[in-house]
Amino acid sequence: MNNIPTVTRNLLIINVVVFLATYALQMIGADLNSILGLHFIMAPDFHAYQLITYMFAHGGWSHIFFNMFALWMFGCIVERTWGARKFLFYYIACGIGAGLFQELAQMVQFYLLAAEQIPGFSLSQTMLVVKANAMFLNAWTTVGASGAIYGILLAFGMLYPEERLFIFPLPVPIKAKWFVIIYAGIELFMAFSTTGDGVAHLAHLGGMVVGFFLIRYWRRHPDINYNRRGGQQFFDSLRSGWERRTHHSAKGPDTSRWGYSQPNGRTTQRPETDAEYNERKRREQERTDAILDKIRRSGYDSLTNEEKQWLFDKSRK
C-alpha cells in the first residue's frame, strides 16, 4: 500500500470504507446508497452534492472490485505522471461529468416514457407527472466510480498510446490507444443497443468525453501547470527540484561549480568558470529533456537502465 501514490491510495480506502459501511448500515435498515447515490434531477431526493458522493458508493462486490482494480492499475501511473493535485482534479471532474451525462440520459428517458404513457403530454405537465411518480423517480439512482475510472483509462491511453497491455482473453498484447478506442466503442454500442441492464453506459462515455476535452485543453494551455511534452509533470518536478537544490545549496560551498585542471602535469580541482558551468548544465538539461520525451512517446519501461538511473540520480540531488 505504501507504494501506491497518495491520491490513488486514499480513493481506494474511501471507496472500500463506504462500501463496507453500506453493508453494515443495511443491518439496521439504513440505505447509505440512497443518501450518497445520484438521484434523477427531478426526483424529490436529488441533491447537488450527490454529483460527488455517488462516485464513492457501489452496488455490489463485483462492481467495486473491478472499479478499484482499474483505479489501482491505471490510477497509479496517471497520478505519478501528473502529480496528486492534477490527478485528483481530473478524477473528480470526470466523475461529475459522467453524472451530468447520466442525468441528461435520464431526462430524455423521462420525457419519452411520459409521452408514451400520457396522451397529449406537454412540457407544462412535467411537474404534475413528477409529483405523481415521486417514488418511481427516486428509484432512478446511480452509484459507482465507473465514470471517473473510464476517464482514467482514457488518460492512460492518451499519455502512453504505444504502451502494450495484456488483456484477457486476447492472446496477444494490445496498444493502449486501441484498448481505449475499443472500450469506448463497446460502451457506445451498449448504450444504444441495451435497455434495462442496470449499467450507466452513457455515464461511462461521459467520463471519457470530459477527460478527453480536459486533456486537450491542458495540452493547448501548458501555462496552466501543465507540461508541453504531454503531461510528464512527475518527472519534470524531479528535474525542477534538482535544479533548485543545485542552484541554491544551503550548506557548504557550491561543489557543483568545481572542475579540474592539470597544471604542471598534476590534476587539481578548481572552480568552474561561468561558461563551463552553463555549458555543463545545458548538456545535462538536454539529456533530461530527451529522456522525458522518450517517456512521453513510448512509456517509462522503454528507458534503458542507464536512463532510469540518470532520472533517479537527479531526483536525489
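Guide: Welcome! A helix here is a DSSP run of H or I that is at least four residues long, and helices are numbered from the N terminus. The model above is a predicted one. Within it, K308 is found in helix α13, which covers residues 305–316.

Visitor: Why does K308 count as partly exposed?
Guide: Its relative accessibility is 24%. Buried means under 20% and exposed means over 50%, so a value of 24% falls in between and K308 counts as partly exposed.

Visitor: How far apart are K308 and I291 in sequence and in space?
Guide: The two are 17 residues apart in sequence, and their C-alpha atoms are 8.7 Å apart in space.

Visitor: Now to the charged pairs. What makes E306 and R287 a salt bridge?
Guide: Side chains of opposite charge can pair when their charged atoms come close. The rule asks for a side-chain nitrogen of Lys or Arg within 4 Å of a carboxyl oxygen of Asp or Glu. For E306 and R287 the N to O distance is 3.2 Å, so the pair meets the rule. E306 lies in helix α13 and R287 in helix α12, so this salt bridge ties together parts that are 19 residues apart in sequence.

Visitor: Are E306 and R287 buried or exposed, and how do you know?
Guide: E306 has 55% relative accessibility; that is over 50%, so E306 counts as exposed. R287 stands at 31%, between the two cut-offs, so R287 counts as partly exposed. Elsewhere, E162, K175 and K177 are joined into one network by salt bridges that share partners.

Visitor: What makes R282 and E286 a salt bridge?
Guide: Their closest N and O atoms are 2.5 Å apart, and the limit is 4 Å, so this pair qualifies. Both residues lie in helix α12, 4 residues apart, which is about one turn of the helix. R282 has a relative accessible area of 38% and is therefore partly exposed. E286, with 45%, is also partly exposed, since that value is not over 50%.

Visitor: Which residue forms a salt bridge with E284, and what is the distance?
Guide: The partner is R280, and the closest N and O atoms of this pair are 3.4 Å apart. E284 and R280 are 4 residues apart in helix α12 (residues 274–298), so about one helical turn separates them. Both E284 and R280 are buried. By the salt-bridge rule, the count comes to 5.

Visitor: On to helix packing. Why is α8 called oblique to α10?
Guide: Two packed helices are described by the angle between their axes and the distance between the axes. Helix α8 (residues 146–159) and helix α10 (residues 201–220) pack at an angle of about 40°, with axes 7 Å apart. Roughly parallel needs an angle under 35 degrees, and roughly perpendicular begins at 65. An angle of about 40° fits neither, so α8 is oblique to α10. The crossing of α8 past α10 is right-handed.

Visitor: What makes α5 oblique to α10?
Guide: The axes of helix α5 (residues 84–117) and α10 come within 7 Å and cross at roughly 135°. Roughly perpendicular ends at 115 degrees and roughly antiparallel starts over 145, so α5 is oblique to α10. α5 also passes α10 in a right-handed crossing.

Visitor: How do you know whether G97 and A203 are buried or exposed?
Guide: G97 is in helix α5 and has 7% relative accessibility; that is under 20%, so G97 counts as buried. A203 is in helix α10, and at 5% A203 counts as buried for the reason that its value is under 20% too. The C-alpha atoms of G97 and G211 are separated by 8.7 Å, with their positions 114 residues apart along the chain. For A203 and A98, 105 residues apart along the chain, the C-alpha separation is 4.3 Å.

Visitor: Why is I96 called partly exposed?
Guide: I96, in helix α5, has a relative accessible area of 26%, which is neither under 20% nor over 50%, so I96 is partly exposed.

Visitor: What makes W72 suitable for a surface patch?
Guide: Patch residues need over 30% relative accessible area. W72, in helix α4 (residues 61–82), reaches 41%, so W72 is partly exposed and passes that cut-off. W72 joins F65, F66, F69 and M73 in a nonpolar surface patch of about 530 Å².

Conventions
Residues are numbered from 1 along each chain as its sequence is written. This is a predicted model: local features need pLDDT of at least 70, side-chain atom pairs count only at pLDDT 80 or more; totals for chains, interfaces and linings use all residues. Side-chain values use heavy atoms; hydrogens and water are left out. Patches are made of residues with over 30% relative accessible area and no salt bridge: like charges are joined within 9 Å, nonpolar side chains (Val, Leu, Ile, Met, Phe, Trp, Tyr) within 5 Å. Accessible areas come from the Shrake-Rupley method with a 1.4 Å probe; for residues, only the protein chains shown count as cover. Helices (H or I, at least four residues) and strands (E, at least two) are DSSP runs, numbered from the N terminus. Buried means under 20% relative accessible area, exposed over 50%, partly exposed in between (1.4 Å probe, protein chains only). Axes are lines fitted to C-alpha atoms, for helices over the stretch in contact, and angles run from 0 to 180 degrees between N-to-C directions. A crossing is left-handed if the near helix is turned anticlockwise from the far one by less than a right angle, and right-handed if clockwise.
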